[in-house]
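Colleague: Hi! Could you walk me through this one before I head back to the bench?
Modeller: Happy to, here it comes.

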Amino acid sequence: MDRREFLALSAAVPGLLLAPKILLAEAAKKANTSRFPRPLEPAIRDGVKEYRLYIAIYQQELVPDFSFHTLAFNDQVPGPEIRVKEGDRVRVYFKNNTELNHTIHWHGLYVPWRMDGVPYVTQMPVMPGQEFIYEFEARPAGTHFYHCHWGTLLHLQAGMYGSLIIEPESDTVAKRFPYDREYTLLYSAHDVNYVRNELDGMLTRMKERMYLMKNGRFDAERFNLFNSVDELKKAVRSGYRPPYTNNMRAQADLPDPNWFTVNGKSYPETPYLYIKTGESIRVRLINAGGESHYLHLHGHDFWLVCDDGLPLEHPRQMNTLHLAPGKTHDIIIEGNNRGIWTFHDHDTRRVTNNGLYPGGNLMVLVYEDLPMEERAVGQMKGMKMEGAGMDLLPKIALDE
Amino acid sequence: MKKFLITLVAFALCLAAATSSRAELTPEIQLGIKGVFSLDYARQDGNSDTTLVNFDDTSIMLGFREKLYSDYRGQFVVGMKFTDPDSDLGPVFYNHIFLRIEDKKSDLLFGRSRASTTLIEFPTLRDDDTLLYSDILNPHASAAGFEAEEYQYASMLRGSYLVADKVWLQANISSFKEDPLEDFGVNAAGLTLEYLVPESQRWNRKVLQQIGFGFNTFLDVEQPGGSSDNLINTMASLVLNVKPDPVHFWDLRAQTIYNNGLSGIDAIGDLKDMSQAESVSLLASLRYLNRKLEWPNAQVALTAGYKNFPGLQVDTNQYGFILNGLHRIGSGFDVGLQLAYDSFTGDLAALFGKDEFRMQAFLTFEFDTRWNNQFDERDSLLNLEHGYIP
């Protein structure tokens, strides 16, 4: 079978589209687009870009045969990508379709303080069934993200995050590093057992609380809500037990992530970064999780061009980048070393699925112009694999 | 005590395995503990008796659970309880030893567990406080003395299937033998149909929490003349949220049992006769639960029972009341008082005395925990309301 026949076959067998053997097929590349955040189209009203986001409980499949319950914007993890121009007026209608409280925080944006999405600080939480309207001017330009700021430890790793890209009028990065295409990658880390147990517990508590709220029986102590520290101290003196005390909550319940994702998926479902020789690609890196990542690209250096969305006056060349929680970095990868190259977290605990390597946020940079013959496995003495159809690289390995 | 030590050693070995080798799948380990300690005062027909420390019903249960290669889950459970001080069963009784396989809609249990001779539980200090009203009585139990465990537990093969939303159909064949290791012969079979709101959805404000119907047939029950016959009992139950309020919660529960009785039983001389005589029993309780900061704070419950034996030569019946109250002093830790009164007439007066009054001051503690948590309960809110994940 030659390459042309091979590609024709691959197009006829959709179920195999993402198998490594047909990695370079057009259909596979097209299918790969679904592994990046889906753009959310705005409605324009009186010059304002209006977006609609809702939150609901959703089952996210991280890899084949492993799913968990998540909190998802518009039934997507990560949520849809909001992409606007610098200076645009933006209005976001946020509908809460869960039985939990939520807000949206616009991470890195200069929004009016009442639009910042911090419950009990800038707004009351968006309660079950409620809608809240956020409105702001899109600035500063750069790579940003949005996320829930209620119960952040749980809600963030449960899936409530999405990319927010503000395009500048004049892109200094593009001027200095003309790039041909760009990708957005949102990193996260999930303790799925913690998420499950906490979600179950919060859903149980909220059923009680909403019943009381609907009946006009708000109880400040039950909601653990006070107007001041003095009021809290007074309640404690009167017998109130804060939920963090040792007689109310056992210790050592902090999450210990066992799944690591890029755009809501773990290897081997992580996205491919396609490139061609002579091309440059811009990769927007967002750490929406609670763990640090040390991203290393094989066979290349890349340029760090933006930090927290802000263009660097002096871009730095490197091959390993520290992506801390809450940070965004933009990098430029130049296609100057044809091949299939691993791009992964060098804290190798993060390239595991449920403790098993390989997995997690393991990805590959794929040159589209890689000749088929360079992908041949070849033959090792005594280890002939061709008969098993194992003739091309890369493979999907689930246990090394 | 030897059995208890063996169980503790086995548990320690399992914990060690859970933290060492990863060569095999380590199951989820569950531990449930219930400590029931009371100071008892009893007065029967004018004679009083005091027990300084009664820890009957204190129990420990261990569960080991894992996902099977299909969508099923497998579980092994071993549990033991400490018996009455004067029990012939020894100080420790293994009340749960079973393997269980379940999926979203089905549940198969094989081993010893709580017999399907009652449909609901009542808010009393100990599980057997209302046994004479709440359970179908086991005619295969030894006649010599009253051992509650002989009535409450059986070896069984029990299958349950979710035929509709919250509606379970359950069938069992059981062995009420004293020692199933020597004789595992089936001597009972039963069927129940039950609408049951899962525990996780108890705050959904629905009034109807449970309604159930069931029957149980004890096979080859020996009759006084030496022949044997089948003994059929039917039962029905109901649990209502009277006031489904998260702070001031009221519920009502009731259960009735009709025992067809065996022909020829027209007098009660011992417990075996009692289980074989035609009878109608009714047990009901009203409970008030006060919750503070989303945790139980205090509870008061009044339970009343009545039982009549229409087929006897002498008019025989019994009735009783239990009033108890408890206050939660820590997570899972309760202190309280229970008052109980029972009255017996006819043949039962000779067996149990005319009446009995009991007062119990108690301290209880219970908790459940798990290690190596890997998956959710079938009846969790996430699985019930947001799509089941096997």
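**A chat about chain B**

Modeller: Let me begin with N241(B): its relative accessibility is 3%, so N241(B) counts as buried, the cut-off being under 20%. Bear in mind that this is a predicted model.

Colleague: Thanks! Where is the place of N241(B) in chain B?
Modeller: N241(B) sits in strand 11 of chain B, which covers residues 228–243.

Colleague: And which residues is N241(B) in contact with, leaving aside its neighbours within four places in sequence?
Modeller: Those are R202(B), K206(B), V207(B), Q209(B), F249(B), W250(B) and D251(B). With K206(B) there is also a polar pair: a polar atom of the N241(B) side chain lies 3.0 Å from the backbone oxygen of K206(B).

Colleague: How far apart in space are N241(B) and W203(B)?
Modeller: They are 9.4 Å apart, C-alpha to C-alpha, with their positions 38 residues apart in sequence.

Colleague: Switching to the whole chain, how many helices and strands are there in chain B?
Modeller: Chain B has six helices and 17 strands. Its radius of gyration is 21 Å, close to the 21 Å that the globule rule gives for 390 residues, so chain B is as compact as a globular protein of that length.

Colleague: What share of the residues of chain B count as buried?
Modeller: That would be 50% of the 390 residues.

Colleague: And what about the area that chain B exposes?
Modeller: Chain B exposes about 18000 Å², and carbon and sulfur atoms supply 61% of that.

Colleague: Last one: how many positive and negative charges does chain B have?
Modeller: There are 33 positive and 52 negative charges, and their mean positions are 9 Å apart.

Terms used: Residues are numbered from 1 along each chain as its sequence is written. Chains are lettered from A and ligands numbered from 1 in the order in which they are written. This is a predicted model: local features need pLDDT of at least 70, side-chain atom pairs count only at pLDDT 80 or more; totals for chains, interfaces and linings use all residues. Side-chain values use heavy atoms; hydrogens and water are left out. Helices (H or I, at least four residues) and strands (E, at least two) are DSSP runs, numbered from the N terminus. The radius of gyration is taken over C-alpha atoms; the globule rule is 2.2 Å times the number of residues to the power 0.38. Buried means under 20% relative accessible area, exposed over 50%, partly exposed in between (1.4 Å probe, protein chains only). Accessible areas come from the Shrake-Rupley method with a 1.4 Å probe; for residues, only the protein chains shown count as cover. Lys and Arg count as positive and Asp and Glu as negative; His and the chain ends are not counted. The place of a charge is taken as NZ of Lys, CZ of Arg, CG of Asp or CD of Glu. Contact means heavy atoms within 4.5 Å. A polar contact is a pair of N or O atoms within 3.5 Å; within protein, one must be able to donate a hydrogen and the other to accept it, and residues adjacent in sequence count only if both atoms are side-chain atoms.
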